[in-house]
There are 2 protein chains.
Amino acid sequence: MDVKDCEVLLIIYEEQNLSKAAERLYITQPALTYRIRQLEKQFQLQIVQKEGKNIKFTSEGEHLVEYAKKTLQEEHRFKEFIANLKSEIQGTLRLGVSSHFTQYRLAPILHHFLQQYPKIQVFLNTSPNQEIFQSLQNGTFHVGIVRGTFNWVDQKYLINEEPFYLISNDEIHLEKLPELPRINYRSDTPPMNKFGYKPDTLLMEAIDGWWKDHFEVPPLITMNVNNYETCKQLVQHGLGYSIVPEICLKPQDRFFKYQMLFKNGQPLVRKTWLIYKESALELNLVKEFVQYIKSLNLHLPME
Amino acid sequence: MDVKDCEVLLIIYEEQNLSKAAERLYITQPALTYRIRQLEKQFQLQIVQKEGKNIKFTSEGEHLVEYAKKTLQEEHRFKEFIANLKSEIQGTLRLGVSSHFTQYRLAPILHHFLQQYPKIQVFLNTSPNQEIFQSLQNGTFHVGIVRGTFNWVDQKYLINEEPFYLISNDEIHLEKLPELPRINYRSDTPPMNKFGYKPDTLLMEAIDGWWKDHFEVPPLITMNVNNYETCKQLVQHGLGYSIVPEICLKPQDRFFKYQMLFKNGQPLVRKTWLIYKESALELNLVKEFVQYIKSLNLHLPME
């Protein structure tokens, strides 16, 4: 089975529908059907069955899909291996990066990295942490950048650690906080729980812990929004205070800022980590990228 | 059962864990347990069973939860009704708004509305369309603002209709597009399908339709990110082109912009709608808000 056959098979499997698969592959449906028939002849098995408008994979067909996936992965690794043998740093660097780090920090970093290594291409996905861990494990991503607290047993490097700030358009007397409306950041990252979306529980617990450290009544949450830029917009228009990490604040932002300190003096912080498998460093382009990120010293206080 | 009891019961039901529920209620766990026992005595039934560290509602307990929900809704409606009887426009306006409209447009609108009606409080949630429809139906939200194409049989009003633009840091010859890297916006709104998150299929299909109208090979997607601000950041740093709706573009943005026109001259657009139930207009504050939004004429071309 050649690479093209593998790709065709995986797309049919994703779509579970021949006309949609044909569209995605930029071929006609008869051409696609012909290709499946050829594969069926070659392997002497039935791959799919019709089921109304859709199709269903036979169990033999599903084994063939598994085989196709492995073939593609091997092909991938082999190409990387060959590219790596050549002295030049080249190839495709596959990154899975937290959406906030991508939004606020990544663009200039990638820009400068690619200026140094113009033969490298970057494939980037913003993904939830759990997806990044999985994709590093199975080799879909080379390097991950994740935020927060988690378990990752292979290599990790602390990129930075930012404090949280309470921001407001007007000066606040902190003891009055329970009477003021809060614009609450609530990530709607999946998976859903039975009451809706499961929020970033650990972060929420940390903020809640800070609150309980200071107040004995619950906060007055009037707005729940899923984006720090939206929090900032609403605060700017005097609709309440909000609690945001430093990463989203710009020098030109004119908020009253209060650092979130626990009563024991500890600040509420969010860590950002570079993570990867030790084995991924065998690829030159991964090694260069990891070294580059480390060389930026983003964990040092910024100007 | 009084309102406080209802709230206590719903929070226990959400947490399925007494110590967490007690924390959220800002009371001690013994006080919470006492409250449950009192309710059990009052209604002569068992509400919860222990199950390891967690608790489980009995089927009678679940009926009580349903009853508590209804009681709270009735209380809510009654309070609104009373507030409505008084001539002053006051009360809590509950809004469910698309995250992009919230991020790019809502803050100044709310700010001016609340200046006119200082006795109104706003409760706002950014939610996926499906959640907004449900919450309008069951009365949790008064008014929704949603984007895209959908079915909603009650009242709707077209707020605006924006074109999509292809943006790039450098000038592009459109026929070269298939060779250029695309920074692809991919919403990660739940629900998940078996291959990951289900993206906003209709929008993706529309963009894909535009592409197929112009090219016979697939686009070169190198980055998938979940935020238009991130798309803009990456485009600004020369990492590719992107396709974004007008709502996210600011006058100071310096991109090369190409409007997305189909070969028949039709533009690719995204509609934003105000939706509500006719019956919600019985509340003065809802009527005022709807009239206010309509008076803004956001569907007229902007300066």
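Biologist: Where do Glu66(A) and Lys69(A) lie in chain A, and why is the meeting of their side chains called a salt bridge?

Modeller: Both lie in helix 4 (residues 59-85) of chain A, three residues apart, which is about one turn of the helix; a helix here is a DSSP run of H or I with at least four residues, and a strand a run of E with at least two, numbered from the N terminus. A salt bridge requires a side-chain nitrogen of Lys or Arg within 4 Å of a carboxyl oxygen of Asp or Glu, and the N to O distance here is 3.5 Å, so the pair qualifies. Over all chains the structure holds 22 salt bridges.

This is a predicted model, in which local features need pLDDT of at least 70 and side-chain atom pairs count only at pLDDT 80 or more, while totals for chains, interfaces and linings use all residues. Residues are numbered from 1 along each chain as its sequence is written, chains are lettered from A and ligands numbered from 1 in the order written, and side-chain values use heavy atoms, without hydrogens and water.

Biologist: How do you know that strand 1 and strand 2 of chain A pair?

Modeller: Pairing requires that DSSP find at least two bridges between two strands, and strand 1 (residues 48-51) and strand 2 (residues 54-57) of chain A have four, in the antiparallel sense, so they pair. Glu51(A) stands opposite Asn54(A), and the two strands form a hairpin with two residues between them, where Gly52(A) in the turn has a positive phi of about 65 degrees.

Biologist: What makes the relation of chain A to chain B that of a two-fold axis?

Modeller: Two copies of a chain are related by a rotation about an axis and a shift along it. With superposition by least squares on C-alpha atoms of residues with pLDDT of at least 70 in both copies, chain A can be laid on chain B with an RMSD of 0.1 Å by a turn of 180 degrees and a shift of 0.0 Å along the axis. That is why the relation is that of a two-fold axis. The same surface serves both copies, since 100% of the contact residues of chain A recur in chain B (contact meaning heavy atoms within 4.5 Å), and the contact takes 49 residues from each of chain A and chain B.

Biologist: Why does Lys212(B) count as forming a salt bridge with Glu23(A)?

Modeller: Their closest N and O atoms are 3.6 Å apart, and the count between chain A and chain B is two salt bridges. Helix 5 of chain A gives the most to the side of chain A that touches chain B, with eight residues.
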